[in-house]
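Trainee: I would like a close look at a single part of this model. Please take me through the surroundings of one residue, then move outward.

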Amino acid sequence: MVQKDAEQESEMRTEIQQMKKEQSSISMMDEFARYARLERKINKTTDKLKTHVQSRTAQQAKMKWVVNIVFYILQAILMVSLIWKYYSDPVTVVPSKWIAPVERLVAFPTGVAGGVGITCWLVVCNKVITLGLNAIS
């Protein structure tokens, strides 16, 4: 569908260029009526092209929005399912003194001393990935 739109836009651009080339070969003083008709035709085709490009751009933005929403929904489902499945198992266990001030928060929901719960693990992983992607771009 996008290819078809691009081909139509390319044809319109080519048509506009041809009409402008033809218009440049016409003497405005000698053949004003013909020149004016061609000018109106060029303007009409240009407006049609602008409308076509705007509608295609709006359609692409809508598709991008839908894909983003679907991606975020899938990501949320994955995270909830991971938390549900590994609720009581720590991802890893580290010495308690490493995480002493926030040990209970990090261990949530496992309750294992020195354990890192899946919730904390997912939050930290998401933050690291976000920071990494921001650093790259």
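Mentor: Start with E9. Leaving out residues up to four places away in sequence, E9 touches L49, H52, V53 and R56. Keep in mind that this is a predicted model. E9 sits in helix α1. Its relative accessible area is 3%, so E9 counts as buried, the cut-off being under 20%. One of its partners deserves a second look. The side chains of E9 and R56 are joined by a polar contact of 2.6 Å.

Now follow another partner, L49. E9 touches L49, and L49 also belongs to the largest nonpolar core. That core has seven residues: M12, I16, M19, I26, L38, I42 and L49. Two helices, α1 (2-25) and α2 (32-85), each supply at least two residues of the core.

Next, take L38, another member of this core. Neighbours within four places in sequence aside, L38 is in contact with M19, E22, Q23 and I26. M19 and I26 are themselves listed in the core.

Last, the record. An unreviewed UniProt entry lists residues 65-86 and 106-124 as "transmembrane region". In the model, residues 65-86 are 95% helix and 0% strand. The end C-alpha atoms of that span lie 32 Å apart. Residues 106-124 are 47% helix and 11% strand. Here the end C-alpha atoms are 10 Å apart.

Definitions and conventions. Residues are numbered from 1 along each chain as its sequence is written. This is a predicted model: local features need pLDDT of at least 70, side-chain atom pairs count only at pLDDT 80 or more; totals for chains, interfaces and linings use all residues. Side-chain values use heavy atoms; hydrogens and water are left out. A nonpolar core is a set of buried Ala, Val, Leu, Ile, Met, Phe, Trp, Tyr and Cys residues joined through side-chain atoms within 4.5 Å. Buried means under 20% relative accessible area, exposed over 50%, partly exposed in between (1.4 Å probe, protein chains only). Helices (H or I, at least four residues) and strands (E, at least two) are DSSP runs, numbered from the N terminus. Contact means heavy atoms within 4.5 Å. A polar contact is a pair of N or O atoms within 3.5 Å; within protein, one must be able to donate a hydrogen and the other to accept it, and residues adjacent in sequence count only if both atoms are side-chain atoms. UniProt positions are given in the numbering used here, feature names are shortened, and annotations may be inferred rather than shown by experiment.
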